[in-house]
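Please look through the sequence and the model below before reading on. The report that comes after them moves from the whole chain to its open and enclosed spaces, and then to one helix.

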Amino acid sequence: VTFEYIVADGNGATDSGIVTLTLFGQDTFAPSSSPTELFVCPDQTVNAANQGTISGSNVSGGTTSQTLQFDLFASSFTSNGMACVDGLIGIKPPYNILFVIDVSGSTRNNFSGTAVGDVNGDGRSNTILDAQIDTVLKAIEAIINTPSLTNDNVNIGIVTFSTSGNYVGNWSPTDENNPDAIDPALETTLKSLRSGGYTNFDDALDKAIVYFEGSDSSKGGAPDVSSRTNRMYFLSDGLPNQCGDGDPNTAEDYCGEDEIYNDAAGATVFASELQSLELYSVAIYAIGVGEASDVSAGSGLDKIDNTENPFTGEKAVQVTTTDALTSNILESPVYAEVFDFKLKVNGAIVPGVDETSLVTDISGYVLGVNEISGLDPTNGASNTIIATVLLDFDGDSATPDDQLEISTIVSIIGAAGLPV
């Protein structure tokens, strides 16, 4: 088989060539008289959601429960028997997500792991601050790549801290002009961060409160905090060494005028700030970035973190490489494991779409966009799409009492012959 091709660039220049395809063996080849067009997912979608609560025993001997939502999205119509489906099994959106980033002087130090380069353009490559910025950007990219998360249901806040805290502002994750790109103002802001100063956890928490309560009249704050899932990632590479304010201190952790700096005990007294964040039901994930950080019981990061792992009792975690930092931020907030996942079209199981099709990220278990076929495109026909997931709280099939099955159903309407 021989065919000629012609290519052209944006300046009008062209080039051409001839391709010859030779087949060996008994097979034959004939060009199609009606080539198959590339299928493109329609912009119009339908969605449905179903919820369930999964519970299981935790390491402390009590019970931990999570309410999960299974969102299923699909093309609203099919004109050729094909459609697109994607979904999310996780903590119910919408989300307010705050990243609290340590920019103290020690974040100029190098950080191990996969090289990230000079992310903030300060002339130093692969620093702790570079790693933090790179990870936050990757987290935002993960949000953008999750079809069910949009500018309408995710808000991103940024707080930085060194000698004092700074509420930088809040943004939608996605560029309004390009749904596949990060909001350029948010990206520019992150890449402009610089290192310098001491380490003040207390004021960082004060500025986190500003975001969630929306008390900054010029920068605004997190929208709809009473009805959204509120989450905060608190990153620091070292020990707090500046005293805070507003909390009663004991004699042991008293912060006098001569003890503003390098008072480890006084610098971890921020009970009032944590109580304020609790009012907004903020899930706080504290991460020690590097070996100089401290996540031991009673440390500042340990006090801040309120997301105890039900299986290990672990709260704040320490990471020592860029890879571990990114992995931790992108870790699914869903404790349960997926044992089984099925997608059915009009009662028939879709082959190749199962539990291995799900990936974990900052929102939970994500089913990426899948093209499915076998639908009835007849005008007005109703095609039933059913997705079912089986989760197990402790990942042990021998104890099925802690399992949860959730099914979500959407309908795709046939639209053959109609203008779309």
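The paragraphs that follow describe the chain, its pockets and cavity, and a single helix.

The model is a predicted one, and its protein chain contains 6 helices and 20 strands. Of the 420 residues in the protein chain, 46% are buried. When contacts with a separation of 6 or more are considered, 68% of them in the protein chain are made by residues 24 or more positions apart.

The spaces in the model can be set side by side in a table.

| Space | Volume | Nonpolar, polar and charged lining residues |
|---|---|---|
| Largest pocket | about 770 Å³ | 14 nonpolar, 13 polar, 6 charged |
| Second largest pocket | about 520 Å³ | 11 nonpolar, 8 polar, 4 charged |
| Largest cavity | about 30 Å³ | 4 nonpolar, 6 polar, no charged |

The largest pocket is lined by 33 residues, and those closest to its centre are Gln66, Tyr285, Thr307, Pro333 and Tyr335. At least two residues of this lining come from each of strand S4 (63–75), strand S12 (229–236), strand S13 (282–289) and helix H6 (322–329).

The second largest pocket has 23 lining residues, of which Ile144, Pro147, Ser148, Leu149 and Thr150 are the closest to its centre. Strand S4 also takes part here, since S4, strand S6 (83–90), strand S10 (174–175) and strand S11 (178–182) each supply at least two residues of the lining of this second largest pocket.

For cavities of 30 Å³ or more, the count comes to 1. The lining of the largest cavity consists of Phe111, Ser112, Gly113, Thr114, Ala115, Val116, Asn126, Thr127, Ala131 and Thr322.

Helix H2, which covers residues 184–191, shows how buried residues can be arranged around an axis: Leu186, Thr189 and Leu190 are the buried residues in question. These three lie on the same side of H2, because they cover an arc of only 95° around the axis. What do the buried residues of H2 pack against? Their partners are strand S7 (95–102), helix H1 (128–144), strand S8 (154–161), strand S9 (165–171) and S11, and S11 is also one of the strands that supply the lining of the second largest pocket. At the N-terminal end of H2, Asp183 acts as a cap, with a side-chain oxygen 2.8 Å from the backbone nitrogen of Ala185.

Technical notes: Residues are numbered from 1 along each chain as its sequence is written. This is a predicted model: local features need pLDDT of at least 70, side-chain atom pairs count only at pLDDT 80 or more; totals for chains, interfaces and linings use all residues. Side-chain values use heavy atoms; hydrogens and water are left out. On a 1 Å grid over the protein atoms alone, a cavity is a set of points where a 1.4 Å probe fits but cannot get out, and a pocket is an open set with protein on both sides within 12 Å along at least five of seven lines; lining residues have an atom within 4 Å of a point. Grid points are joined across faces, edges and corners, and a volume is the space filled by probe spheres set on the points. Helices (H or I, at least four residues) and strands (E, at least two) are DSSP runs, numbered from the N terminus. Ala, Val, Leu, Ile, Met, Phe, Trp, Tyr, Cys and Pro count as nonpolar, Asp, Glu, Lys and Arg as charged, and the others, Gly among them, as polar. Buried means under 20% relative accessible area, exposed over 50%, partly exposed in between (1.4 Å probe, protein chains only). The arc is that of the directions from the helix axis to the C-beta atoms. Contact means heavy atoms within 4.5 Å. A polar contact is a pair of N or O atoms within 3.5 Å; within protein, one must be able to donate a hydrogen and the other to accept it, and residues adjacent in sequence count only if both atoms are side-chain atoms.
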